[in-house]
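Student: I have a structure to look at and no idea where to begin. Can you walk me through it?

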Amino acid sequence: IVSLFTVPDREEALSLCRRILDNMGAGHTAIIHTWDSDLVKRFAVEMPASRILQNCGGSTGCIGVGNGLRHSWTLGCGSWGHTSTTDNVGFENLLNIKRLTSGK
């Protein structure tokens, strides 16, 4: 299922994206298709998402195909989504590491 929304301007587009993320996707992924670097920076700052993808597909991009993110089927949503990490989860996130330290 693909949804498409039409809005009159950038302000309404950014507002709609925030409302969608707040409804069911806070912390997960937000995607923008544009070459306008100022708009991309603003989108990245304003969206409550752990992964901001520019000009790439969501179903493969969020799991790290072709964009430098860690390949993973488990995606953290951080504090926005009430999880402990914003990473694409790998084995390092599942290890129990014990540390011993002393005051001197």
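Tutor: Start with a pair of charged side chains: R42 and E11 form a salt bridge, and their closest N and O atoms are 2.7 Å apart. The two residues come from distant parts of the chain, with R42 in helix α2 (residues 37-46) and E11 in helix α1, 31 residues apart. Keep in mind that this is a predicted model.

Student: Why would two side chains like that pair up at all?

Tutor: Side chains with opposite charges can pair when the charged atoms come close.

Student: Ok. Is R42 buried, exposed or partly exposed?

Tutor: R42 is partly exposed, because its relative accessibility is 30% and the partly exposed class lies between 20% and 50%. E11 also counts as partly exposed, at 45% relative accessibility.

Student: How many salt bridges are there?

Tutor: The count comes to six salt bridges. One of them joins the side chains of E12 and R19, at 3.5 Å from N to O. E12 has 31% relative accessibility, so E12 is classed as partly exposed. For R19 the relative accessible area is 45%, which also makes R19 partly exposed.

Student: And what does E46 form a salt bridge with?

Tutor: E46 pairs with R18, and the closest N and O atoms of that salt bridge are 2.6 Å apart. E46 is in helix α2 and R18 is in helix α1, so this pair ties together parts of the chain that are 28 residues apart in sequence. E46 is partly exposed, with a relative accessible area of 28%, and R18 is partly exposed at 27%. Salt bridges with shared partners join E11, R18, R42 and E46 into one network.

Student: Let's stay with R18. Where does it lie, and what does it touch?

Tutor: R18 lies in helix α1, which covers residues 10-25. Leaving aside residues up to four places away in sequence, R18 touches E46, M47 and P48. With E46, the R18 side chain makes a polar contact to the side chain at 2.6 Å.

Student: How far is R18 from H28?

Tutor: Their C-alpha atoms are separated by 12 Å, and the two residues are ten apart along the chain.

Student: Different topic. In which sense do strands β1 and β2 pair, parallel or antiparallel?

Tutor: Parallel: strand β1 (residues 27-32) pairs with strand β2 (residues 49-54) over five bridges.

Student: What stands opposite A30?

Tutor: I52, in β2, stands opposite A30.

Student: How does the chain get from β1 to β2, and is the crossover right-handed or left-handed?

Tutor: The chain goes from β1 through α2 to β2, and the β-α-β crossover is right-handed.

Student: Now cysteines. How many disulfides are there?

Tutor: Zero.

Student: Why doesn't C17 have a bond?

Tutor: The closest cysteine sulfur to that of C17 is in C56, at 14 Å, which is too far for a bond. A disulfide would need the two sulfur atoms within 2.5 Å.

Student: And C62?

Tutor: The closest cysteine sulfur to that of C62 is again in C56, at 9.1 Å, and that is too far for a bond.

Student: Which of them is buried, C17 or C62?

Tutor: C62 is buried, with a relative accessible area of 10%. C17 counts as partly exposed, at 27% relative accessibility.

Notes: Residues numbered from 1 in each chain as written. Predicted model: local features only at pLDDT ≥ 70, side-chain atom pairs only at ≥ 80, totals over all residues. Heavy atoms only, no water. Buried < 20%, exposed > 50% of the residue type's maximum accessible area, 1.4 Å probe, protein only. Helix = DSSP H or I, 4+ residues; strand = E, 2+ residues; numbered from the N terminus. Contact = heavy atoms within 4.5 Å. Polar contact = N/O pair within 3.5 Å; in protein donor to acceptor, adjacent residues only side chain to side chain. Salt bridge = Lys/Arg side-chain N within 4 Å of Asp/Glu carboxyl O. Pairing = 2+ DSSP bridges. Right-handed = clockwise from strand over helix to strand, strands pointing away.
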